[in-house]
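Please open the structure in your viewer and keep the selection tool at hand. The tour below proceeds from stop to stop, stating at each one what to select and what is found there.

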Amino acid sequence: MWSLSNSSLIGNVQFAGGSSPISKLKPSTPLTGDAIFCEILNDTTLQPTVVTEGDTPHTYTFGVDNQIPIIITNVDTVFVRAIDVTNPQNGEFVFDGTKIILFSEKPITQVSYVASNTSFRTLAATGISGLSGLPIVGSISINDNFQDHPSGSMTLICDQRDLGSLRYRFSTGTFVSICGFAFIVNGFTEDISSSDTTAIVNVSLRGKWEMYANKPIALNNPNSSTSGDFQDPSCQIGYVDPTKQKYVSINALAGRVGATVTGITFQIEVPNDSDNATTTIANELGNYLDIEQSFVDYSSPQAIICRKINAVQSWNYSHNDLLEGKFSTSINRLPEEPITKGASVAVRSPNYSALVPTTIAPYVPYIQAEDVNNIPKPTIYNFTTPDIFNNAGNVVNEPTQQSTEQKFQLRKVEKRKYTTGDSEPTIPPPHVVKLTSLDQNTDRSGASKTSIYREEEDGMPILEITRRYAFAYTAFDITKFKFIGEDKIPYLEGDPSQFWQLVEETYKNYIYDEKTGYLLGYDIRGKKYMRAKLEGDDLYTQSYQIALQEGEEVSNYQTALYNTYKFEWVPVYGAKRYALVRHKDYYKQFDKEEQYIKKCNKDGTSYWEQNPNYIEPMFAIAETEEYTCFISIPNPDNLLREGKDPFQPDVMSGTETFNRQKLTILPSKNTKIANYELGEPPEEDKYLTFVSNFTAQDPQFAAVVEETSESESTGVPPVHTRKPPKYELVDVNNDKNKQKKNDKYRYVIWTQPYNGGYPRTGSYNFEKAKNIQDVINAVTNQLQIDDMRSTLSSSCSVPLNLSLRSGDKVTVNLKGSYYYRRVMGCTHSLIIEGINEYGVPLITSSGTSLQLGMDRNISVQNKKEEVPSPRSSDSDKPTGLFIDDTNFTLGSLLSSDLPRRGRVNAQ
């Protein structure tokens, strides 16, 4: 006889043959006290034994050796197992693991008992694939998450003698079916007890379809063969092998690996020029699910199911169904911008006398839906589609294969103009309220702002205009007067806005080689507002002007000195040049550079043609850079010279820069440099870079910095900066059949609070969409799934529901308040307790845990825009740039003809 007892089981426990329960709880299991070991008892003969008095009154004990009595008798009493082992009654006994304890109000000295041998082997959970016939107890967890493969785990306790059977049944890769879910075993571990004959087995499970969904599948029929009679396989463009399919359905594709797809139908284009093209079920479904307003469900054992997002099972739960007595929600999505609330909501004043009514009125139900208007929705900020639609909203089909008839034509240059730098450069900094000293001047420590205007072609700079604004003034410019008594006293105070002005403006024009597009350098021209000398604390300009105003006579020397403190516009000159050489003149490997392109004939043969976009790889072997800007004023001291005193040089100030760089190629096995004196040349390519920088600035160019350095680099010098190729390859047929009237449109898609205007912040491109409605469907589906996933998260536990699937709708009614949710994930928890007296497995559950997301409709808006027609551009047939001259070079270094100090008539 045997039976089970567990307080967590639902319903009443029945006992076989009228015997008392003899279950035993195994300690320290991962099943939190729910793992029950059933003892299977085999009857033996009646055995007499002597008993001794126990430690407590009315108790008697005797020892047993791995035998548990089924029934115990003495002369006039039959002892049975205690129904409640914590409160044994007269005529009952308990087993504490080592001895039998009898409870008898009458004194006894000897008893007889019928014993049995015990083995810790539970009984099988039939109906669960892989467990039938095995004596086990354990727990099972099944996880089903939205658009993911289900997963699960099993913890099983068994006799060690059954480990071999479990290993065989749950070897990795084995199919297991549990409660309507199909799994593949992807992990197996076991812990064998050393204290008894039990073992704990942990089995991890993954959805059946994961292996199928991500397995590469050949698109071409594997039984077909390529007709390979052409001389050049790469020239089979447009040739269709009649033995090959042009399209294959998603179900036919899935069938090649033993899978089935339901709920969606579409055709997949098969490339006819390659037998190596592959795809996966998951990849192809990803191309169509949003367009079909669907999502994928991998939980079914029969097929991969694509379910319409709004055609799913609905479930209703009330507050009485919630196992943990709560429904938790966390709102996660932020609004697009901060929300300003209106007046505060009035709070009702409680009536304290009514809080404890003398008569408790019955609960009055009410009905209201959750207010979701204040919960942010996912948004689209003026997204656009590609320019692929006609006026009717259908996608204009472009040829999927390149024509064999192609030609090069002049590519349209992409131009861009923009301004960067400080905002509002013409307005002085707000922290400068008034000018009370000379420190704010541009040539001292004053603030400045810079604005840079750029023009680019194909991402390469063409023109750069730099304008710098700062304060420029003398002491007299900000002189004011105040009277102290009858004395007129000067002091410094000026309005910043009067002296904030443009102080420097330069134009940098970049120079490119017309044929190759290589950057050859740039020229700088401009002007700068500066002075020859910095005015000191003596405030000379102030005293000079006051003297003039008061009618004092000033000398020529004083006037000349005054002129050295005045700001004047002076020219700015600068330039940079590169000397370019070909890589092939220095390195052997560049002799093999491709200079031709393959062209295909209609019969599959090929020929070679000059590549008009080919440009000889070149690098900068040397470069020079110069910059000069200075002011020169006759020296006032020359007006004071006498007799044969020497003339003093002009008073000067400004900046001069001279930079130069030169590369030296070191010999290696790849270079064309001969006469390596140390035996075999090195394997590694290296070159030296010599750099020299010289700068002189400030009054009389007194601040001088000169630096020289040399470094060694590994590899070959990089190809010098150049513009993109001039020509692009176009399809002749498309060129001939080009529509005269433009019939291309794009669509703008948005949600509230946006309006479809500017800026355009993103784009959508659904490759498989056939019309704008497909795009709208896909966008709506993506937004709704985003709303389900990310807006909020709710959780609750309900009674076990193995029919519930991720993606289902759930309505939770909490005493009249309705909450509409989507199942984002669910966990089903099962416990195998053993079997009852009829051999039926006792399986309990702590319920189904739900992770829920928002369920509501999302709407999008759209409008159509006509794409402007591009202007056609005709060009002569281009020719490639092939240079056979030895030691061909481009560019040159500066010839030092820029105006600078030391040159006669420099200004």
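The tour begins with the whole chain and then turns to selected parts of it.

**The whole chain**

Please note first that this is a predicted model. Select the entire protein chain and display it as a cartoon: its secondary structure comes to 9 helices and 50 strands. Of the 907 residues in the chain, 43% are buried. Consider next the contacts between residues at least 6 apart in sequence: 72% of them join residues at least 24 apart.

**A buried methionine**

Select strand β12, residues 151-159, and find Met154 within that strand. Is Met154 buried or exposed? Its relative accessibility is 1%, and the cut-off for a buried residue is under 20%, so Met154 counts as buried.

Now show the side chains around Met154. Leaving aside residues up to four places away in sequence, Met154 touches Ser139, Ile140, Phe170, Ile178, Val201, Asn202, Val203 and Leu205. Add Phe188 to the selection as well. Met154 and Phe188 are 34 residues apart along the chain, and their C-alpha atoms are separated by 9.6 Å.

**A sheet of three strands and a helix**

Strands of a sheet pair through backbone hydrogen bonds, and the pairing may be parallel or antiparallel. Select β18, β22 and β21, which form an open sheet of 3 strands in that order, with mixed pairing. The edges are formed by β18 (261-262) and β21 (294-297), each of which pairs on one side only.

Look next at β18 beside β22, residues 304-308: the two strands run parallel and are joined by 2 bridges. Val261 has Ile304 in β22 as its bridge partner. Then add helix α4, residues 281-288, which lies across β18, β21 and β22 and runs at about 10° to β22.

**A sheet of four strands**

Move on to the open sheet whose 4 strands follow the order β44-β26-β43-β49, again with mixed pairing. Which strands stand at the edges? They are β44 (762-763) and β49 (861-866); each has a single partner strand, so one side of each is left without a neighbour in the sheet.

Within this sheet, select β26 (residues 383-384) and β43 (residues 745-750), which pair in the antiparallel sense over 2 bridges. Here Thr384 stands opposite Val748 in β43.

**Two helices in contact**

For the last stop, select helix α6, residues 540-549, together with helix α7, residues 556-563. The two helices pack at an angle of about 135°, and their axes are 10 Å apart. An angle of this kind is neither over 145 degrees nor within 65 to 115 degrees, and α6 and α7 are therefore oblique to each other. Their crossing is left-handed.

Which residues meet at this contact? Tyr540, Thr541, Tyr544 and Gln545 in α6 meet Gln558, Thr559, Leu561 and Tyr562 in α7. The residues of this contact divide into 4 nonpolar, 4 polar and no charged.

Finally, keep α6 alone in view. This helix is mostly covered, with 7 of its 10 residues buried: Tyr540, Thr541, Gln542, Tyr544, Gln545, Ile546 and Ala547. Add β31 (479-484) and β32 (487-492) to the display, since the buried residues of α6 pack against these two strands and against α7. Just after α6, select Gly551, which takes a positive phi of about 80°.

Definitions and conventions: Residues numbered from 1 in each chain as written. Predicted model: local features only at pLDDT ≥ 70, side-chain atom pairs only at ≥ 80, totals over all residues. Heavy atoms only, no water. Axes fitted to C-alpha atoms, helices over the stretch in contact; angles between N-to-C directions. Parallel < 35°, antiparallel > 145°, perpendicular 65-115°, else oblique. Left-handed = near helix turned anticlockwise from the far one by under 90°. Contact = heavy atoms within 4.5 Å. Nonpolar A, V, L, I, M, F, W, Y, C, P; charged D, E, K, R; others polar. Pairing = 2+ DSSP bridges. Buried < 20%, exposed > 50% of the residue type's maximum accessible area, 1.4 Å probe, protein only.
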